[in-house]
Amino acid sequence: MTASAVRAGVPPVSGWRRRWRDLRNRLLANGTFQDVAARFPPTRFVARREARALFDLCAGFVYSQTLAACVELDLFALLAAGAEPLDRLAARCRLAPAAMLRLARAGAALRLLETDGASVALGPLGAALLANPGIAAMVRHHALLYRDLADPVGLLRGETDATLAGFWPYEGGDAPRAAAYSQLMAASQPMVAAGILAAWNFRRHRRILDVGGGDGRFLEAVAARAPDLELMLFDLPDVAALARARFARAGLAGRAGAPARAYGGDMRADRLPEGADIATLVRVLHDHDDADATAILRNVRACLQPGATLLIAEPLAAAAGAAPVGDAYFGFYLLAMGRGRARRAAELAAMAERAGFTGARQIATPQPLLTGLIAARAG
């Protein structure tokens with residue numbers, strides 16, 4: 001067990017687990033054993049399941065590009081009102097009928113669509129995507145990520161110039177880039193906000209400071225649940241301007257007794273507004289390397305009175321039932337972004353406590369696939 005693994009919160013592997021793992025791997029790497037397992041009734045189901053999982057890993061890019069084609073053609077919206085004849089749908093998408101049938105069958109295999117060969121309808125996953133437009137926004141954004149992942153080893157070695165890194169808005173004061181990144185994050189904010197609001201009662205607080213709060217969409221959702229809560233947001237100056245405009249449109253800026261204010265600056269170094277009894281970091285720390293993440297936490301602690309609450313909300317590494325999201329997806333996504341990493345709950349708790357917070361603990365959320373939640377108090 002390395003020191004770095006201990007610091008990362010990785011649980012040690014016991015001796016018997018290590019021996020079992022080595023035996024399992026020797027068996028699975030043996031072609032004769034695989035053949036016997038595939039034919040032996042008690043092990044046939046497991047063998048087929050594992051073979052399917054391995055093939056899905058090999059074919060995953062094709063699956064994701066099938067989804068990308070559906071999103072680019074706006075198929076889910078076109079089918080929202082009901083099934084469409086395949087020929088008419090093909091004409092609307094400017095595809096040959098044979099090409100539309102190929103896409104429809106691929107989408108049906110992935111539960112995105114349903115087809116009988118003559119008509120096409122939404123599948124369960126396609127219907128669910130309609131209710132979550134942030135997913136479609138990320139699918140479109142993935143065109144940048146896939147360019148960087150064309151050479152994953154080169155990306156790991158630092159030998160490629162990642163195009164996704166140019167999307168990162170924090171350095172350079174690029175207003176259009178900051179706005180584009182903020183809009184992307186805002187597209188998926190409703191799903192994240194719903195999970196946080198289901199897990200935490202904001203009515204118990206008086207004033208909230210959302211650090212790295214983007215265009216203010218999260219605070220707008222919080223205000224709908226806790227209308228008496230005073231709202232403060234801190235982000236890059238260009239992004240804070242977007243939040244001020246949103247607050248004005250929503251009627252939050254002029255609320256008597258509980259106005260919404262947005263402040264611009266560098267969350268790592270500039271003084272944050274004081275007076276909040278709860279501060280939130282929603283999908284912020286995982287965008288930063290350890291030194292900057294620690295600086296942000298210490299800066300947040302400096303603006304809070306003892307006893308105030310800190311909430312960290314972001315995808316967690318090694319989360320039960322969601323490990324591929326934190327460790328695989330965000331592992332490579334943030335590598336392509338050029339900074340940051342997904343962290344385990346224990347790592348975030350330890351970082352918060354080193355920054356001056358106490359009692360850090362994980363709070364259960366309805367969808368750990370989307371976000372984990374860590375709560376702590378200013379010491």
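In the predicted model, helix H9 touches helix H16 through Met138, His141, His142, Leu145 and Asp148. On the H16 side, the residues that meet them are Tyr329, Phe332, Tyr333 and Ala336. Sorted by class, this contact holds six nonpolar residues, two polar residues and one charged residue.

Helix H9 spans residues 133–148, and helix H16 spans residues 323–337. The two axes lie 10 Å apart, and the helices pack at an angle of about 70°. Because angles from 65 to 115 degrees count as roughly perpendicular, H9 is described as roughly perpendicular to H16. The crossing of H9 and H16 is left-handed.

A second helix pair is formed by H12, residues 189–199, and H13, residues 217–225. The axes of H12 and H13 come within 10 Å and cross at roughly 40°. An angle of this kind is neither under 35 degrees, the range for roughly parallel, nor within 65 to 115 degrees, the range for roughly perpendicular. H12 and H13 are therefore oblique to each other. Their crossing is right-handed.

In this second pair, H12 contributes Gln189, Pro190, Ala193, Ile196 and Leu197 to the contact. These residues meet Arg217, Phe218, Ala221, Val222 and Arg225 of H13. The contact of H12 with H13 comprises seven nonpolar residues, one polar residue and two charged residues.

In terms of handedness, H9 passes H16 in a left-handed crossing, whereas the crossing of H12 and H13 is right-handed.

Terms used:
Residues are numbered from 1 along each chain as its sequence is written. This is a predicted model: local features need pLDDT of at least 70, side-chain atom pairs count only at pLDDT 80 or more; totals for chains, interfaces and linings use all residues. Side-chain values use heavy atoms; hydrogens and water are left out. Axes are lines fitted to C-alpha atoms, for helices over the stretch in contact, and angles run from 0 to 180 degrees between N-to-C directions. Helices (H or I, at least four residues) and strands (E, at least two) are DSSP runs, numbered from the N terminus. Angles under 35 degrees count as roughly parallel, over 145 as roughly antiparallel, 65 to 115 as roughly perpendicular and the rest as oblique. A crossing is left-handed if the near helix is turned anticlockwise from the far one by less than a right angle, and right-handed if clockwise. Contact means heavy atoms within 4.5 Å. Ala, Val, Leu, Ile, Met, Phe, Trp, Tyr, Cys and Pro count as nonpolar, Asp, Glu, Lys and Arg as charged, and the others, Gly among them, as polar.
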